[in-house]
Amino acid sequence: MDCAATTPVSKQVFDAMTPYFCENFGNANSLHSYGRDAAASLNTAREKIASLLGANSTEVYFTSGGVECLNWALKGIAHAKKDKGKHIITSAFEHHAHIKACKTLEEEGFEVTYLPVYEDGVVKSSDVEKAITEKTILISIMLANNEIGTIQPIEEISQIAKKHKIPLHTDAVQAVGTLDINVKNLGVDLMSISAHKFYGPKGIGVLFIRNGLKINKLIEGGFQERSMRGGTSNVAHAVGMAKALEDAIAGQEKNVAHIKKLSSYLNKRILAEIPHTTLVGHKTRRVPQINNFCFDFIEAESILFRLDMQGVCASSGSACASGSLEPSHVLMSLGIPIERAQGSMRFSINKNLSMKDIDQAVEIIKEVVADLREMSPLYPKDQTLFKEIKRNEKSV
Ligand SMILES: *Cc1c(COP(=O)(O)O)cnc(C)c1O
């Protein structure tokens with residue numbers, strides 16, 4: 001139950017990729033037949049992805065994945081437009097890589113506004129408009145949050161960005177296969193996606209860059225990607241990504257219906273059968289595959305290890321990448337108290353799970369949470385004390 005971290009490569013994607021390792025292994029920049037074959041396959045993959053995104057093939061740039069896309073979009077636009085202004089608008093709960101790239105830009109003298117996401121984990125488009133100044137050169141807001149799944153009003157924000165003629169980037173990594181990611185419908189100028197989040201290979205992503213937009217390079221090198229991103233083209237992965245995107249969009253309706261059914265069942269049972277548990281973020285404005293719960297009185301790391309021992313793989317929302325006990329910036333941005341955030345677990349449902357899997361998982365989760373609470377000094381054994389705690393929480 002951790003498909004928000006990564007997904008397996010599907011058999012169909014794997015089969016599409018395999019000829020490009022040992023047989024059709026040419027360098028797409030070579031002029032001989034092996035090279036020309038590779039270039040043709042790369043081109044086909046690019047065109048397929050472009051048409052699936054509603055883009056032109058000259059607007060599709062292959063990268064090494066989501067993190068590179070985010071770095072490129074932010075630093076590339078900032079550096080290209082710094083003479084016009086040095087102000088960037090984003091949200092407080094973007095992906096780690098995005099926040100870190102913003103911090104680096106702040107060190108370089110850029111000013112970044114981190115918009116609040118409130119208790120429900122949704123950016124208000126009116127806040128975006130209020131934050132705009134004459135110096136604003138980029139707005140970057142994610143489409144679906146990777147820790148809690150909430151969906152941001154990108155179409156609304158796009159209207160505002162267009163009115164003020166400011167480029168808009170969205171991190172759509174968690175949206176592929178569940179939301180509409182057509183760049184025309186979204187109205188974005190830049191968009192990041194990554195193949196391994198939708199049953200494609202790890203290490204490849206696409207940054208959509210609208211034609212005519214001024215952006216600097218991130219990776220210097222050869223003439224690959226219209227001279228905008230150096231490095232020998234990864235043809236096998238590009239072919240795999242195109243196939244994975246095609247399958248994700250073709251299967252979207254069916255998969256979303258299936259995942260919704262599993263997720264709402266999971267939510268209903270967890271919230272009804274495990275006391276002192278909350279679902280994080282907006283109840284309905286969310287991608288169906290991501291469910292984040294706070295289990296009060298216990299720590300997520302302990303839950304994670306105990307679940308893993310019983311075959312349930314999930315993710316602790318409280319641990320930051322370094323593995324310290326610092327709660328995640330996403331949960332903090334929602335104003336969740338630290339004690340509660342420390343018991344945050346993300347269960348993300350991949351399309352291959354069944355109702356039976358969810359049933360089994362719920363039984364295991366119930367048992368693990370009850371066991372850990374039994375051992376927790378924080379857990380009031382006398383249930384009448386809960387009234388007292390509730391009253392105190394209110395007065396705080
Ligand atoms: C996974 C993820 C990324 C990073 O993508 P990689 O391809 O793993 O570098 C960026 N943004 C979001 C929302 C993600 O979920």
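The following exercises, with worked solutions, concern a predicted model of a protein with a bound ligand.

**Exercise 1. Describe the surroundings of the ligand and identify polar contacts to it.**

Step 1. The shell around the ligand consists of 13 residues; Gly66, Asp171, Gln174, Ser194 and Lys197 are the closest.

Step 2. Sorted by class, this shell holds four nonpolar, seven polar and two charged residues. Helix α4 (residues 66-81) supplies the largest share, three residues.

Step 3. Polar contacts require N or O atoms within 3.5 Å of each other. In Gly66, a backbone N or O atom is 2.8 Å from an oxygen atom of the ligand. In Asp171, an N or O atom of the side chain lies 2.7 Å from a nitrogen atom of the ligand. In Gln174, a side-chain N or O atom lies 2.7 Å from an oxygen atom of the ligand.

Step 4. The ligand taken alone exposes 380 Å², of which the protein buries 87%.

**Exercise 2. Determine how many disulfides the structure contains, and examine Cys69.**

Step 1. A disulfide is a covalent bond between the sulfur atoms of two cysteines. The cut-off applied is a sulfur pair within 2.5 Å.

Step 2. Searching the whole structure gives zero disulfides. For Cys69, the nearest cysteine sulfur belongs to Cys102 and is 15 Å away, and Cys69 is in no disulfide.

Step 3. Cys69 has a relative accessible area of 0% and is therefore buried. Cys22, with a relative accessible area of 66%, is exposed.

**Exercise 3. Classify the aromatic pair of Phe25 and Tyr34 and the exposure of its two residues.**

Step 1. The whole structure contains five aromatic pairs. In the pair of Phe25 and Tyr34, the ring centres are 5.2 Å apart and the planes make an angle of 40°, so the pair is tilted, given that stacked requires under 30 degrees and edge-to-face over 60.

Step 2. Phe25 is exposed because its relative accessibility is 52%, and the cut-off for exposed is over 50%. Tyr34, at 44%, is partly exposed.

**Exercise 4. Classify the aromatic pair of Phe297 and Tyr379, and explain why it ties together separate parts of the sequence.**

Step 1. The centres of Phe297 and Tyr379 are 5.3 Å apart and the planes lie at 70°, an edge-to-face pair.

Step 2. Phe297 belongs to the loop between β9 (290-295) and α12 (300-309), and Tyr379 to the loop between α15 (355-375) and α16 (385-395), so the pair ties together parts 82 residues apart in sequence.

Step 3. Phe297 is buried at 18% relative accessible area, and Tyr379 is buried at 13% relative accessibility.

Step 4. Elsewhere, ring pairs join Phe293, Phe295 and Phe347 into a cluster.

Key
Residues numbered from 1 in each chain as written. Predicted model: local features only at pLDDT ≥ 70, side-chain atom pairs only at ≥ 80, totals over all residues. Heavy atoms only, no water. Near = heavy atom within 4 Å. Polar contact = N/O pair within 3.5 Å; in protein donor to acceptor, adjacent residues only side chain to side chain. Areas by Shrake-Rupley, 256 points an atom, 1.4 Å probe, with all protein chains shown as cover. Helix = DSSP H or I, 4+ residues; strand = E, 2+ residues; numbered from the N terminus. Nonpolar A, V, L, I, M, F, W, Y, C, P; charged D, E, K, R; others polar. Buried < 20%, exposed > 50% of the residue type's maximum accessible area, 1.4 Å probe, protein only. Phe/Tyr/Trp six-rings, centres within 6.5 Å; stacked < 30°, edge-to-face > 60°.
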